[in-house]
Structures are given as C-alpha cells and as structure tokens.
Amino acid sequence: MAALISTYAVADRPLRAHPSVGETISQTLTMARRAYIKMMRNPEQFFDVTIQPLLFTAMFAYIFGGAISGDVQSYLPTIITGILAQTALTASMARGTQLREDMDKGVFDRFKALPIARIAPLAGPAVADLLRYGIAATLTIVVGLLMGYRPGGGVGGVLAGWALTIFAGWSLSWIFTWLGTVMKTAGGVQGLGMMIMFPLTFLSPAFVPKETMPDWLQHFVDVNPVTLVINATRDLMNAGEVTMSVVWALVGCAAVVAIFAPLSVWSYSKKL
Amino acid sequence: MTTNSELAVSASGLVKTFGDFTAVDGIDLEIRRGEVFGVLGPNGAGKTTTLKMLATLLSIDAGSAEIFGVDVKAYPHQVRQLVGVTGQYASVDENLTATENLVLFGRLLGMSGKAARAASEELLESFGLEEAAKRQISKFSGGMRRRLDLAASLLSRPPLIFLDEPTTGLDPRTRGQMWDTIRTLVAGGSTVLLTTQYLDEADQLADRIAVIDRGVKVAEGTSEQLKTSVGSSTLHLRLSDKSQIAAAAAVVEKVTGDRPVLTPEAGGVNVPLADADRAADVLIGLRHADISITTANVQQPTLDEVFLALTGHGTESAENPEQTDRNIHTEEVA
Ligand SMILES: Nc1ncnc2c1ncn2[C@@H]1O[C@H](COP(=O)(O)OP(=O)(O)OP(=O)(O)O)[C@@H](O)[C@H]1O
Ligand SMILES: [Mg+2]
C-alpha cells in the first residue's frame, strides 16, 4: 500500500485553468453512462415511457375519436402526433425530480469536489434520457400503426417526426433540469412540473383543434412551444413536408436549451 | 498555474452563515505540507462547514483561503485538482458497484477506461475491498463504504486530503484499520486535514489540533500542549484499608501541594496531577507512610474535560456512547 500511495502526493504540478471542450464532452458521456447503468437497474424508470404512451394512445383515440373527428380512424393523424409531443414532455419532466433526488445524495458532493465541467453532471443524464424519449416515440408510433394510422409523410416523414420528438423531449428537459437545481425538494419539482406540463399539453392542438377553444386561449396556444412541436410533427409525419413550422419548432427547442442550460449550470454552481 | 506555498492550507477569518445563523465565525487555519492536522469539535461545531468551504463545496461568505497558495474563491477549479475530499456522509453512488464507482470517478478525472479500471483494481486491493468489487454499495457495511470513499478520494493522487470524521460510527477494529491507512497516506507525503469528535483520534493521528466550538477556534496546538493547557491527568488510587484515607490524603497533599478528591466509601483517592511523573512521587510517599493500595491508574483528560476547560461548557454530545469505554489511555502504574 505504501508503494501505491507514495506516488499519490505531488503538490507541485501544473494546474489546468478550466476543462477543455473535449474533456467536457467526455465527462458528460461518462455521466451519461452512469445514468444509463442506474436506469437499467431501476426498470420502473421506464414506466412513464412505456405504459403511458400505450395507454394514452389507445384511450384517447377511442374516447375522443368519434367526438372530434367523426371516427377513430380519421382522428389518428391528430392524436398520434399529439401524444408524441405529450409523451416527450412528460418523459422530460422526470429529469427534474430525478436530478433533485440525485443531488441530495452524497455522491453529488463528490461530483462537485472533482475538477470537472459543471455542466457534466447535468447534461450526462439528459443524454442518457435520449433512450427514454426514443422508446416513448417508437412505442407511440407503433401503436398508432397497429390501430390503423397511415401517415401521409411516409417512412421518411415518420422518421423525421420521431427524431423531432426526441429532440423536443431533450430540449424541454432543460426546463425541468433547471427546476431541479432551484427547488429544494423532489416533491416540489414534481408539483411545479405538473403545473407546467398540464397547460403546455392541453393548451395545445395535441388532442383537439385549436379553433374549438375560446379566442383568449388561442393566443396562448399560438405561443406554446408544444404547439410548435406538434405542428412540425404533423407537417413531417402526415404531409411529409419540411415547413416553416418545422423550422420554428427547431428554433423554439434550441431557444429553450440556450436559456435553461446556462441557467441550470449557473444555479447548480451557485448552490455550492 | 502552479502551486507555490509552503503551507498546504492557509485560511483567515473564514465565515459561513446560514440565514441569521453563523455556523463558522472567523476561523484561521495554517496547515503545513506533510502534516496531519486535526479539527476537533463536538456536533454542530462547524467542522464540516469549514471543510466544505476549503473544498469549494460551500461558498466562503467572508475571509479567505488558499490551498498550496491557490486562492479558493478565485480558482476553485484549480483547488479541486489539489484536494481529495472524503465527506462525512458516504459520497459514492449507492446504485453502482465499487468498481463502477471508481471507474466512473477515474474517467471523470480524465483517465482512459483501461487506466481507470487498473487504478480501481489497485485501490480496491489496497483497501481490502477486492471481494466486494462487483457488489452494489447499498449492500456495503459502514466500514466498507468509508474505505471505498477514501479510495475514491485517492484516485486523483491529491497532495491534500480532507477526511470528515473518517471513523465516526466504525467499530474499534475498523477504526484501527482506518488509522493505519491514514498513517500510510501521510508516510507517502500527503497532507491530511481530518475532523473528529474524539480527542484520542486526534491524539493518535494529528501532529497539530485545532479545537473549534460554535464556529470559533478555541485552542490550537499539539495534543500534548492541549492536554497540558487543560491541566491535569488524574491519578486514581484505591486503598486496601479504607480507614487510612485521611492519612493518605495528608501524604498526597504534602507531595503535590493539592488536596485530593476523596471517595471514602470506596477508599478512593483521586489526585489531580499537573504532570504524570508526579504519580511516582505520590506512590513513593504512600509506601513510606505504610499505606497500601489495591489499584492505581493515571487518566488523561477526556474530550469532555478538554472542552469544559476550553469553553466553559461540555461537549453536549449525548450521542457519543463510546465516550466511557474510550476513556483515553488508562495506564496501569502499580
Ligand atoms: N445547509 C445548512 N443550512 C442551515 N444550517 C446548517 C447547514 N449546514 C450546517 N448548518 C448548521 O451549521 C452548524 C455547523 O454544522 P456542521 O455540519 O459544520 O457541524 P459539524 O461540526 O460538522 O458537526 P457534526 O459533528 O455533527 O458533523 C450546525 O448547527 C448546523 O445545523
Ligand atoms: Mg460534520
């Protein structure tokens, strides 16, 4: 042991001023790997991205289909794309509660004490979550296809919509990451997350056409980022077109990341 | 940037407040390279808070600190490259195995996967954890967690190691092992800052000790200096013949110049000693007076007595059941 440890003490070494971009990426991937291992050991973390899309797709289609579109079949292009956005949002909400719980554990003290990029412990799990969004999006689309959904956009359109859903989930997760860094308890993150998630999902054209809502609500629906994502997904999957909606959705998602990622890192490092 | 100071830690006027509560109230510390420095204090004294400020885990509200000459507030990233922290509460990932934990930290420190696995194996072996390598930490005993925690802090080969209550909650054997590990670290040239609630731990390990209480440093010195400043060890005598107790008291007073404390029912005579050598004088005096004794032992002051003397109040640590049986090095004299 002496031999091992004697080489451990070197005070006079050059010190790095900050982690390089390459180091930051590698540290983020290492943290993603940790999150991935934990995910595999806690399969209940997959409930919200498996059971929920399966259940909601079938339930909403059969409940609202007749009322809104006349029959279930013609409602599918609306509901599948709506559920895709909704699932991305719910799946990303879990990021906040999990981060809060994780940060209360001793191991986060070590992450903070290590000379690593401050964003790595936040971005790593977000990267691992791509798997969750991927599962959710795939399941929703498969259920839709089984129920008779025939997307007009073809394979390419569906793949593009699938990818957009995953990107949207990842982007929106930064809102909840930020909540995780500012709120004191996981319960608080959960509660506030719900309060954000419900209006964002339901005050959007996810399940019903915007035109059926009162005027004042329609104004909110128009600026809701989830609306942007839903419109873009519909254009891609149902029409196979890359419209301005798609551009706006991408810009909107990027804007969310550009605002909330730095905010999260700032509030995480300030909490030291 | 490189390090340049002769001092491993130099802190002045450290302050930390939580709301209107001041947890650390102007603490100065100077720790030399290669030394083991002990921070001794009861629950809530501010030990962890002080350590966390030095380790960049808590912001410093007032005052300043340098680690090997590097300013903690201005250059936290550099300071993190110099310090290995073993927190009071296990800072390893419960859901991962020991190997996964060490590889994770190794990779974060920039090692290749191969190097991280090799370092992990080596450390687990040195800490006697190789059998538990593939087990999840949630199934580890307290002692194993502490050891893994320390192992994780050594991955980066830090020249300065912070240990926050490294042996609290460990059984005596595991505590002994931890002490040996810490001694090995120091022999290898590391500087160690450790906190403890136990005087004998500080006594065993630390070259110098700072006693803190309610966020303030109340004393500093070697353990010998502390104990002497607190005054005395005590010689506990038990007489064979209880009726000789008055005569014994007279002898003691003549030799030491102080009246002993008597417990006549038990035939006990407790002699405060400025200096343990005086015990022999007392015993010789009793022999000359033909007073025979059944037992005699010298006790050094306990943490409670040190605190009482330094702060005017006890440690108030009701949650310290070991206090009595760890009543610090009782040496048989007769
Ligand atoms: N985050 C915090 N918010 C509010 N008060 C705190 C916080 N951290 C510590 N304190 C308070 O500061 C004081 C010092 O705490 P600290 O943990 O430094 O003590 P300690 O000497 O390490 O005690 P122990 O031996 O119990 O570990 C305590 O009264 C504690 O309640
Ligand atoms: Mg503490």
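What follows is a chat about how the labels on this predicted two-chain model are earned.

Me: What are the ground rules for numbering and for confidence here?

Reply: Residues count from 1 along each chain as its sequence is written, while chains are lettered from A and ligands numbered from 1 in the order in which they are written. The model is predicted, so local features need pLDDT of at least 70 and side-chain atom pairs pLDDT 80 or more, with totals for chains, interfaces and linings using all residues, and side-chain values use heavy atoms, leaving out hydrogens and water.

Me: What makes Thr48(B) and Gln88(B) the donors of the magnesium ion?

Reply: Distance. A donor is an N, O or S atom within 2.8 Å of the metal (3.2 Å for Na, K and Ca). OG1 of Thr48(B) and OE1 of Gln88(B) sit at 1.8 to 2.1 Å from ligand 2, so both pass the 2.8 Å limit. Thr48(B) is in helix H1 (residues 47-54) and Gln88(B) in the loop between strand E6 (83-86) and H3, 40 residues apart. Helices here are DSSP runs (H or I, at least four residues), strands are E runs of at least two, and both are numbered from the N terminus. One caveat: water is not among the atoms, so the site may look incomplete.

Me: Why is Thr48(B) called partly exposed?

Reply: Buried means under 20% relative accessible area, exposed means over 50%, and partly exposed is in between (1.4 Å probe, protein chains only). Thr48(B) comes out at 21%, so it is partly exposed. Gln88(B) also has 21%, so it gets the partly exposed label.

Me: Then what makes Lys16(B) buried?

Reply: Its relative accessibility is 6%, so it counts as buried. Lys16(B) is in strand E1 (residues 7-18) of chain B. Beyond four places in sequence, its contacts (heavy atoms within 4.5 Å) include Phe21(B), Val24(B), Met53(B) and Leu58(B).

Me: And how do you know that Thr97(A) is buried?

Reply: With 11% relative accessibility, Thr97(A) counts as buried. Thr97(A) belongs to helix H4 (residues 72-103) of chain A and touches Ala186(A), Val189(A) and Gln190(A), residues up to four places away being left out.

Me: What makes Thr97(A) and Ala94(A) a polar pair?

Reply: A polar contact is a pair of N or O atoms within 3.5 Å; within protein, one must be able to donate a hydrogen and the other to accept it, and residues adjacent in sequence count only if both atoms are side-chain atoms. The backbone oxygen of Ala94(A) is 3.0 Å from a polar atom of the Thr97(A) side chain, so the pair fits the 3.5 Å limit.

Me: Why is Asp109(A) with Lys52(B) called a salt bridge?

Reply: The rule asks for a side-chain nitrogen of Lys or Arg within 4 Å of a carboxyl oxygen of Asp or Glu. For Asp109(A) and Lys52(B) the closest N and O atoms are 3.5 Å apart, so the rule is met. Across the interface of chain B and chain A, five salt bridges turn up.

Me: How do you know that Asp222(A) and Lys210(A) tie together separate parts of chain A?

Reply: Their closest N and O atoms are 2.7 Å apart, a salt bridge. Asp222(A) lies in helix H10 (residues 215-223) and Lys210(A) in the loop between helix H9 (186-202) and H10, so the pair ties together parts twelve residues apart in sequence.

Me: What makes Arg132(A) and Asp129(A) a buried pair?

Reply: Arg132(A) has 0% relative accessibility and Asp129(A) has 1%, so each is buried by the under 20% rule. Their salt bridge has its closest N and O atoms 3.4 Å apart.

Me: How do you know how much area chain B and chain A bury?

Reply: Buried area is the accessible area (1.4 Å probe) that two parts lose on being put together, summed over both. For chain B and chain A that is about 4000 Å², with carbon and sulfur atoms giving 60%. Arg80(B), Leu108(B) and Arg157(B) lose the most on the chain B side, together 18% of what that side buries. In contact terms, 50 residues of chain B meet 38 of chain A.
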